[in-house]
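Trainee: Could you go through this model with me? I have a handful of short questions, and I would like to begin with one residue's surroundings.

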Amino acid sequence: MAYKDLREFLALLEQENQLVRIEEELMPEPDLSAIGRAAPNLDNGPAVLVEKVTGYKNSVVLNVHGSWQNHALMLGLPKNTSIQDQFFTLDKLWSDYPVKPVWVKDAPCKEIKITEGINLFELLPLFRINKFDGGFYLSKALVVSKDLDEPDNVDKENVGIYRIQVQGKDRLSIQPLPFHDIAIHLRKAEELNQPLPIAICLGNDPVLSFMASTPIEYVQSEYAFAGALKGEPIELTKSEAAGLDIPARSEIILEGYIIPRERHIEGPFGEFPGSYSGARLQPEIKIHTITHRANPIFENLYLGMPWTEIDYLMAL
Ligand SMILES: Cc1cc2nc3c(=O)[nH]c(=O)nc-3n(C[C@H](O)[C@H](O)[C@H](O)COP(=O)(O)O)c2cc1C
């Protein structure tokens, strides 16, 4: 595959005229959300890399999956491959499961480590995805958690995308719908009244985001499916605190745990059908460690009235 991580995929998109680079400094609000809303409506649906955001050091990328052209490039196909051919390619690669991951030393996601004075509002260029959202959201993070009954069973480890609201300097809330794998992990932890360690991985290889959005069996591994789609193993490393298996080349890792049996008001949030979900009590997360690459790219996703980036992630 022509890329190993988000950075290399962005380079590929740029080479294929599927990336717009904005050098001018922009505001987090309303500019970033407006870009996420507009980009999939362009004929080629490019990713948009905003190099400078007022108040932050990081660049921001939006709409990485937001067109069939980008989707084709993700699958290693020419950008004008038809949707039908993309579907059949995906179907064929699917049967190569499992291509097991490998664990590497010197993982780029560990270049910089923060354990003191964590303040997500200062570290991340946060913005409201839709105007009436109850707060700032991480909408494209991979959330990694383990089955506490079988912590060494990598296949039962889960990698999923679940919406996450920033609630405080080191506090988040998450929406694990009861029929999803993370909810099984959380139920087991809460029965024991134990914290559930999680790693929130921001800025990822696009195939990992694709697999984290795709329902598979509880005992199947998102990493081994991503390896099958790429034709090569995904590189992993162990998280600092809880030994979770995390992508070695993610841009930013937020490590923490879901606090057992505590709930926090989460929402409202502009959702993928184009309406707002209400505010409900959802599990709360405490973050204790952050690691990141040098000059990390913050990747987030706009969703709302279809079609937006999420529809390409979920369509096939
Ligand atoms: C952008 C995005 C946001 C999502 N938000 C949620 C969410 O808040 N809660 C949830 O349970 N699933 C959410 N999903 C769906 C899950 O990621 C998806 O169904 C995944 O396959 C779940 O995997 P699992 O069944 O292995 O847990 C979201 C998907 C995407 C692409």
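Trainee: Leaving aside neighbours within four places in sequence, which residues is Trp307 in contact with?

Mentor: Bearing in mind that this is a predicted model, Trp307 is in contact with Arg37, Pro40, Asn41, Trp68, Tyr312 and Ala315, once its neighbours within four places in sequence are left aside. Trp307 itself is placed in the loop between β18 and α9.

Trainee: Is it buried, partly exposed or exposed, and why?

Mentor: Trp307 counts as partly exposed because its relative accessibility is 43%, and that class lies between the 20% limit for buried and the 50% limit for exposed.

Trainee: What kind of peptide bond joins Pro306 and Trp307?

Mentor: The bond joining Pro306 and Trp307 is a cis peptide bond, with omega at about -5°. A cis peptide bond also joins Tyr97 and Pro98, where omega is about 0°, and Pro98 belongs to the loop between α4 and β4.

Trainee: Switching to the ligand, where does it sit?

Mentor: The ligand sits in the largest pocket, and the elements that give two or more residues to the shell around it are β8 and α9. The largest share of that shell comes from α9, which supplies three residues.

Trainee: And which residues come nearest to the ligand?

Mentor: There are 18 residues around the ligand, and of these Ile161, Tyr162, Gln175, His180 and Asp181 come nearest.

Trainee: What are the distances between polar atoms for Gln175, His180 and Ser213?

Mentor: For Gln175, a backbone N or O atom lies 2.6 Å from a nitrogen atom of the ligand. For His180, an N or O atom in the side chain is 2.6 Å from an oxygen atom of the ligand, while for Ser213 a polar backbone atom is 3.4 Å from a ligand oxygen atom. As for cover, the ligand has 640 Å² of accessible area on its own, and the protein covers 93% of that.

Trainee: Back to Ser213, then: where is it placed, and is it buried or exposed?

Mentor: Ser213 is placed in the loop between α7 and α8, and it counts as buried because its relative accessible area is 17%, where the limit is under 20%. Apart from neighbours within four places in sequence, Ser213 is in contact with Ile161, Leu313 and Met314.

Trainee: Asp181 came up as well, so how many residues of α6 are buried?

Mentor: Helix α6, residues 181-191, is mostly covered, with eight of its eleven residues buried; among them are Asp181, Ile182, His185 and Leu186.

Trainee: What covers those buried residues of α6?

Mentor: The cover includes the strands β7, β8, β10, β11, β14 and β17.

Trainee: Last topic: which residue just after α6 takes a positive phi?

Mentor: That is Asn193, which takes a positive phi of about 55°. Asn17, in the loop between α1 and β1, has a positive phi near 55°, and Arg261, found in strand β14, has a positive phi near 60°.

Trainee: Are Asn17 and Arg261 buried or exposed?

Mentor: Asn17 counts as exposed because its relative accessibility is 57%, and Arg261 is exposed too, with a relative accessible area of 52%.

How values were computed:
Residues numbered from 1 in each chain as written. Predicted model: local features only at pLDDT ≥ 70, side-chain atom pairs only at ≥ 80, totals over all residues. Heavy atoms only, no water. Buried < 20%, exposed > 50% of the residue type's maximum accessible area, 1.4 Å probe, protein only. Helix = DSSP H or I, 4+ residues; strand = E, 2+ residues; numbered from the N terminus. Contact = heavy atoms within 4.5 Å. Near = heavy atom within 4 Å. Polar contact = N/O pair within 3.5 Å; in protein donor to acceptor, adjacent residues only side chain to side chain. Areas by Shrake-Rupley, 256 points an atom, 1.4 Å probe, with all protein chains shown as cover. 1 Å grid on protein atoms, 1.4 Å probe; cavity = no way out; pocket = protein on both sides within 12 Å on 5 of 7 lines; lining within 4 Å. Sits in = over half its atoms within 2 Å of the grid points.
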